[in-house]
Amino acid sequence: MTVALERPAIAAAKPARRRRFSIGAVAPYLQSAPLALILGAFLLLPIIMIVVVSFWDYDFATMYPDFLTTNYSDVLGSGVTWKTYLNTIKFAFIVWGLTLFIGFWVAYFLAFHIRTTAMQMVLFLVCTVPFLTSNIIRMISWIPVLGRNGLINSTLVHLGLVPKPIEWLLYSEFAVVLAMVHLYTLFMVTPIFNTLMRIDRSLVEAARDAGASGWQVLWNVIIPLAKPGMAIGTIFVVTLAMADFSTVQVMSGGQSASVALMMKNQMSLLQYPAAAANAVVLLVLVLLMVAGILRIVDIRREL
Amino acid sequence: MNHEKRTLEFYALAVFFALFVLFLYGPLSAILILSFQGATGGLTFPLNGVSLHWFANLFERQAVGDFGGSFKRSLVLGLMVMIVTVVVSLLAGLAFRQKFRGATALFYLAVASLVVPSIIISLGIGVVFQQIGFRPAWYTSAFGAHLTWTLPFGVLIMFAVFNRFSPAYEEAARDLGASSWQTFAHVVLPMIAPSLIGVGLFGFTLSYDEFARTLMTSGTFNTLPLEIYGMTTNVTTPVLYALGTVTTVFSFLVIVATLGAILYVGRRRTRA
């Protein structure tokens, strides 16, 4: 009886559904078109252009369409360039290790030790707000702290701990690493906090009931489940550190180099094809790193 | 575990967290204090008296280049980026709720936009404009460069929001006879409004502070971060700190206003 009653209703609904389906079929294309157009014009096209230009010839003022591989042999054949690449990877690796360590413990404290949601949100905001202020200002703000007559040095000298100011605090590789950790740790805290908050607390209780110690719970339950967050944070930190030139330039006082800084210098000398060849090598390197990390984690599932 | 006594682990981590917050805010407060340096004071402590000398100095044109003009440009650019980011991210978020051809490719393009080094985007857009014969300007090339940084954030946030969004509300509205526009405007939009405000905040602040992507794309006139970057190499007076204080206070005001707006929208919704 009910079947018989429903049948005409379905039949009547069919044309309407088909019409909605046809509008619905176009809708996602229209809705995603602006994003596709903007990324196409300002991301894809520029990258294609860089690849093309990296084969061009140039002199002191202009570049000429050509198909040369000299830009690449200049990049890959120069010892200075290799050293710069290694230096960039070294910075990225050290900064990654430090931000992962700091980021995990901060996120773990927020997610597992703060009892009320309101307090969690307040403390999380405290961590996030500096991220929304100027990077350059946050970099400059280390100068009065680390400088020759800065806060740390004057305190140490005053206390008699060191006879004269420590020179390597500012304008050194130490300063570069410190500033990068300062700038980028938040990119690690946020995704790790996000995954930790989604861990089912009954898993922790089950582990406890099964006799696991605090460290065993942390090592065998929480850290494995936090891996996706760590992977996303790693993508952020590694790509930012690999692309950095302003921190390296300002904080090392010109004594250290990075690939992006080398590119910037080539660009200011109007050596665009040389910079483009560097850009291609750097891009391939960064994308390989990201692809490696993406093998561990599916971002679409983690959002 | 919430009812257990505080453990040693808690106190150790609390100290660690406090140190982290000090690490985040300590240096910023140092330049905040030093921007009130007396007229004869230098770039480091101690304070040689307290004055507003360097703030006054900031508004004299010759002292710091074009502070007013660059601030205005950064402000307008930030607002442009904010509006486009909110609208385009929302549309893309809606699109990703359905299956369509190229969805995965577009998603990974957005992720790529996040990981491609900013200086490469800056160089690429600069070269494209040069080859086409357009003059780069902050409202064209830099605008597009900023969008490649703000849009992925917006799209990922909207993606996460719609992942958790139950279609039951829309089905209920449709069952009650709402058209698809009514369903969107009266059901979906109010529910995601706080997230959209968040996307707007990201769009504005990321653009307002962006610097590497503006480097090759700003054309003749500098945005504020470029102006500040130029100052780091050639300004050796606390006027630099005064500028830092002013822009940071401005960023804080924007953040506080946004959080206020999110709370207000949220409370109005629960009351309704």
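**A tour from one alanine outward**

Select Ala279(A) to begin. Leaving aside residues up to four places away in sequence, Ala279(A) touches Ile50(A) and Met263(A) in its own chain, and Ile120(B) and Leu123(B) in chain B. The model you are looking at is predicted.

Next, keep Ala279(A) selected and add Ile50(A), Ala241(A) and Leu123(B). These four have the most contacts inside the largest nonpolar core, which has 146 residues. Now select helix α8 of chain A, residues 173-197. This helix gives the most to the core, with 14 residues. As background, nonpolar side chains tend to be buried together in soluble globular proteins.

Now colour the two chains separately and look at where they meet. Here 70 residues of chain A are in contact with 71 residues of chain B. Which helix of chain A supplies the largest share of the side that touches chain B? Select residues 2-53 of chain A: this is helix α1, and 18 residues of that side come from it. Colour the side of chain A that touches chain B by residue type, and you should find 51 nonpolar residues, 15 polar ones and four charged ones.

Finally, hide chain A and show chain B as a cartoon. Chain B has 11 helices and zero strands, so following the chain from the N terminus takes you through α elements one after another. Its C-alpha trace spans about 75 × 70 × 35 Å along the principal axes of chain B. Of the 272 residues in chain B, 42% count as buried. Turn last to contacts within chain B between residues at least 6 apart in sequence: 78% of these join residues at least 24 apart.

Methods
Residues numbered from 1 in each chain as written. Chains lettered and ligands numbered in written order. Predicted model: local features only at pLDDT ≥ 70, side-chain atom pairs only at ≥ 80, totals over all residues. Contact = placed C-beta atoms within 7 Å. Helix = DSSP H or I, 4+ residues; strand = E, 2+ residues; numbered from the N terminus. Nonpolar A, V, L, I, M, F, W, Y, C, P; charged D, E, K, R; others polar. Core = buried A, V, L, I, M, F, W, Y, C linked by C-beta atoms within 7 Å. Buried ≥ 20, exposed ≤ 12 C-beta atoms within 10 Å, placed from the backbone.
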